[in-house]
Amino acid sequence: MKTDDLIALLAQDAPLTARLGDRLRLGVLAALLLAGLLFGAAIGVRPDLGAAMASDRFLFKFVVTIALTVSAGILVFRIGRPGVPLRVPAWWLLSPLVLAVAAALAELLAVPSDAWGARMIGENASHCLTMIPLLSIVPLACLLHALRYGAPERPGLAGAVAGLFASGIAATLYASSCTDDSPLFILLWYPMAIALVTVAGWLAGRRLLQW
Amino acid sequence: MGLMTNVEREEEWDRWMRAAIAGDNRAYHRFLTALTPHLRTIARRRCSQLGLPPSEAEDVVQEVLLAIHLKRSSWDPARPLRPWISAIVRNKLVDILRRRGRHIDVPLEDVVAVLESEGRADSTDRIDVEHILSRLGDPQRTIVHSISIEGTSVRETAARLKMTEVAVRVSLHRALKSLATFYRSENA
């Protein structure tokens, strides 16, 4: 085929039916809705939610998980677009970690050292390690599907960012059901669950987001 | 060439691409025709640098064109087109040459520079891609042949094949995706 013939061919396929931005907005909406529905139906918020709302430790969990969701979300909307710089927004990914570390240090100061272990190990560690990844599956699928309309320079990295965003949604939902509120618990177990999802996203991205 | 012409051309490309996305076939044809000589210059330079025959360069051009086409959904019309094109071309070039077993660093600035220069490289015909076309099933092959070789429009092709225009469009789009996949597997 001559290149001119190929151009004639491409020109006839000019109209664009799906744009990345629209797909991503739709994907995020679907991810939030479906994960929320699944959470409401299968897990649900903790019974003492009203009382927990008065606890700084409980509320701070959401500061951390929402920081993760928002910083990863900003990247999700950029990473599929060639030529759009990523470096500066990528630094924001450190914000949830910095927040969690700072809160954990404050906790170490506020709580006597013989209580550190119990607070860190908590009561729901295995629940945390299974629920966050399980709640992430559907949001991750929604985002990967949307990112297929993008052209990420590093498909694995794009998948990993989608994994961070999906686990941010999942961790936010899960935090409202979990009764372990200590920042020590958050800093130990949440990153493990999030790392699992991120690696899954990386592997899936390498396969699904090649172009 | 002065700065103005360059800026003007950049704006012209943006305009063409916006019109194309909205469904203007002719604007898209103009855009791709204007872009191709630049792609050819870039591809030839890299191929000769790597000791690949110049005929390979035309394959590279076609594969890059397909990538631009299939990934145009990732361009944000609120942003200028040139940085997007440069990044796509650079990434695709590195990817294509890696599949041919050549590791090469393509600085983004080089791609930008060629896109900004006056491209005048003429086409060399590639005929052995015909066998790639033969791997398409029907009606995709007939549609591709009719539009590319005979130069008919989607509407004419639809009438001739007694298909709806939508069906021809869907089929054409699938064929283009398949072509990109074939290219990728050819040199895997």
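Into which domains is chain B divided? Chain B has domain 1 (1-124) and domain 2 (127-188). The model is a predicted one. This briefing looks at two interfaces. One lies between chain A and chain B, which bury about 3,700 Å² between them. The other lies inside chain B, where domain 1 and domain 2 bury about 940 Å².

**Chain A against chain B: contact and area**

- The contact brings together 31 residues of chain A and 53 residues of chain B.
- Of the area buried between chain A and chain B, 61% is on carbon and sulfur atoms.
- Three residues stand out on chain A: M1(A), Q12(A) and W211(A). They supply 23% of the area that chain A buries against chain B, more than any other three residues.

**Chain A against chain B: polar links**

- How many salt bridges does the rule find across the interface of chain A and chain B? It finds one.
- R90(B) and E153(A) meet through their side chains in a salt bridge, at 3.7 Å from N to O.
- The pair R90(B) and E153(A) counts as a salt bridge because the cut-off is 4 Å and their distance is 3.7 Å.
- Polar contacts between chain A and chain B come to 17 residue pairs, with both residues at pLDDT 80 or more.

**Chain A against chain B: who takes part**

- Which helix gives the most to the side of chain A that touches chain B? Helix α1 (residues 3-12) of chain A does, with nine residues.
- The side of chain A that touches chain B holds 17 nonpolar residues, six polar residues and eight charged residues.

**Inside chain B: domain 1 against domain 2**

- Domain 1 of chain B, residues 1-124, meets domain 2, residues 127-188. Domain 1 puts eight residues into the contact, and domain 2 puts in 10 residues.
- Carbon and sulfur atoms give 59% of the area buried between the two domains of chain B.
- In domain 1, L66(B), L70(B) and R99(B) lose the most area to domain 2. Together they make up 52% of what the domain 1 side buries.

**Inside chain B: polar links and make-up**

- The rule finds zero salt bridges across the interface of domain 1 and domain 2 of chain B.
- It also finds zero residue pairs in polar contact there, counting pairs with both residues at pLDDT 80 or more.
- Helix α3 (residues 54-70) of chain B gives the most to the side of domain 1 that touches domain 2, with six residues.
- By class, that side of domain 1 has two nonpolar, two polar and four charged residues.

How values were computed: Residues are numbered from 1 along each chain as its sequence is written. Chains are lettered from A and ligands numbered from 1 in the order in which they are written. This is a predicted model: local features need pLDDT of at least 70, side-chain atom pairs count only at pLDDT 80 or more; totals for chains, interfaces and linings use all residues. Side-chain values use heavy atoms; hydrogens and water are left out. Contact means heavy atoms within 4.5 Å. Buried area is the accessible area (1.4 Å probe) that two parts lose on being put together, summed over both. A polar contact is a pair of N or O atoms within 3.5 Å; within protein, one must be able to donate a hydrogen and the other to accept it, and residues adjacent in sequence count only if both atoms are side-chain atoms. Helices (H or I, at least four residues) and strands (E, at least two) are DSSP runs, numbered from the N terminus. Ala, Val, Leu, Ile, Met, Phe, Trp, Tyr, Cys and Pro count as nonpolar, Asp, Glu, Lys and Arg as charged, and the others, Gly among them, as polar. Domain bounds come from an automatic or database domain assignment.
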